[in-house]
Amino acid sequence: MSIETDHGAPASVTKRKVSDRTIAISCLAFFFGMVGMAFAAVPLYAMFCQVTGYGGTTQRVEQMSDTILDKTITVRFDANTSGGLPWDFRPMQRDVTMKIGETKLIKYEARNITSQPTSGRALFNVTPMAAGAYFNKVECFCFTDTVLKPGEDLEMPVVFFVDPEIVNAPELKGVNTITLSYTFFPIPMPAPVAASAEVNKTTTSGQL
């Protein structure tokens, strides 16, 4: 003899449906939770790289070094473009030999070789990768996105120093050369200010 529910279905069938629904909801919650964690991991990973220099990520600082060692290191400069960005991008000097702890200013140059305005974002790293934790930037064009008008040529500064603590890093013993590398990627052009203001005005008017 089977027990029926108020809707006429056997109790066992009803319980099975409830169980299946619970499993489905749990799976969806797990899926969306994992997606959320994946997105959250991106800024956390970037923060980890910035703090530790992992992957050759350089450090951003506001103050220059107050210690300069009587020991030199050579920094080489590399430039690349990716994703079809139509720029001629290069360092204005190939390398510099400097004292460890000394602050240096060098420049890169970028030129838009098309008849259209284009926008780019620079990603960077240093090699050996372990040196990233000791490569400090005070000023860099990579801190903001860059927009070039048709045919525009732009000089872009980098102010940096190598932390004197690098001489105490056992993994960098014997390293006398560091390479600083930039790669520019294309990004969408920012919306014109006038156009953005017009869109906001239209949106506001539509809400009245």
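What pattern does the chain follow when read along the sequence? In this predicted model, the order of elements is α-β-β-β-β-β-β-β-β-β-β-α. The chain thus contains 2 helices and 10 strands.

## Overall character

The chain has 208 residues, of which 28% count as buried. Its exposed surface amounts to about 13300 Å², and carbon and sulfur atoms supply 59% of that area. Contacts between residues at least 6 apart in sequence can be sorted by their separation: 76% of them join residues at least 24 apart.

## The sheet from β4 to β8

One open sheet of 5 strands is arranged in the order β4-β2-β10-β6-β8, and its pairing is mixed. Its edges are formed by β4 (95-99) and β8 (146-148), each of which pairs on one side only. On average, and with direction ignored, neighbouring strands of this sheet are turned by 30° against each other.

Strands of a sheet pair through backbone hydrogen bonds, in either a parallel or an antiparallel manner. In this sheet, strand β2 (residues 72-81) runs parallel to strand β10 (residues 177-187), and 8 bridges join the two. Within this pairing, T81 stands opposite F184 in β10. Strand β6 (residues 118-127) also pairs with β10, here in the antiparallel sense and over 9 bridges. Across from S119 stands I187 in β10.

At the β4 edge, β2 and β4 are paired in the antiparallel sense over 5 bridges. R76 has D95 in β4 as its bridge partner. The two faces of β4 can be told apart: V96 and M98 make up the covered face, whereas D95, T97 and K99 make up the uncovered one.

A residue of β2 shows how the surroundings of this region are built. T74 lies in strand β2. Its relative accessible area is 18%, and because the limit for a buried residue is under 20%, T74 counts as buried. Apart from neighbours within four places in sequence, T74 is in contact with D95, V96, T97, N176, T177 and I178.

## The sheet from β1 to β3

A further open sheet of 5 strands has the order β1-β7-β9-β5-β3, again with mixed pairing. Here the edge strands are β1 (59-60) and β3, and each pairs on one side only. At the β3 edge, β3 and β5 run antiparallel and are joined by 5 bridges. P91 has Y108 in β5 as its bridge partner.

## Aromatic rings

The structure holds 12 aromatic pairs. A pair of aromatic rings is described by the distance of the centres and the angle of the planes. Two pairs that share F89 are set out below.

| Pair | Distance between centres | Angle between planes | Arrangement |
|---|---|---|---|
| F89 and Y108 | 5.4 Å | 25° | stacked |
| F89 and F141 | 6.2 Å | 80° | edge-to-face |

Why is the pair of F89 and Y108 described as stacked? The planes of the two rings stand at 25°, and planes under 30 degrees apart count as stacked. F89 belongs to strand β3 (residues 87-91) and Y108 to strand β5 (residues 104-112), so this pair ties together parts that are 19 residues apart in sequence. Both F89 and Y108 are buried.

The pair of F89 and F141 also links distant parts of the chain. F89 is in strand β3, while F141 is in the loop between β7 (135-140) and β8, 52 residues apart. Both F89 and F141 are buried.

These residues belong to a wider group. Ring pairs link F77, W87, F89, Y108, F124, F135, F141, F160, Y182 and F184 into a cluster.

## Charges over rings

Which ring lies beneath the charged end of K137? The charged end of K137 sits over the ring of F124, 3.4 Å from its centre. F124 is also one of the residues of the aromatic cluster. In a further arrangement of this kind, the charged end of R60 sits over the ring of F143, at 3.7 Å from the ring centre.

Notes:
Residues numbered from 1 in each chain as written. Predicted model: local features only at pLDDT ≥ 70, side-chain atom pairs only at ≥ 80, totals over all residues. Heavy atoms only, no water. Pairing = 2+ DSSP bridges. Helix = DSSP H or I, 4+ residues; strand = E, 2+ residues; numbered from the N terminus. Axes fitted to C-alpha atoms, helices over the stretch in contact; angles between N-to-C directions. Buried < 20%, exposed > 50% of the residue type's maximum accessible area, 1.4 Å probe, protein only. Contact = heavy atoms within 4.5 Å. Areas by Shrake-Rupley, 256 points an atom, 1.4 Å probe, with all protein chains shown as cover. Phe/Tyr/Trp six-rings, centres within 6.5 Å; stacked < 30°, edge-to-face > 60°. Lys NZ or Arg CZ within 6 Å of the ring centre and 35° of its normal.
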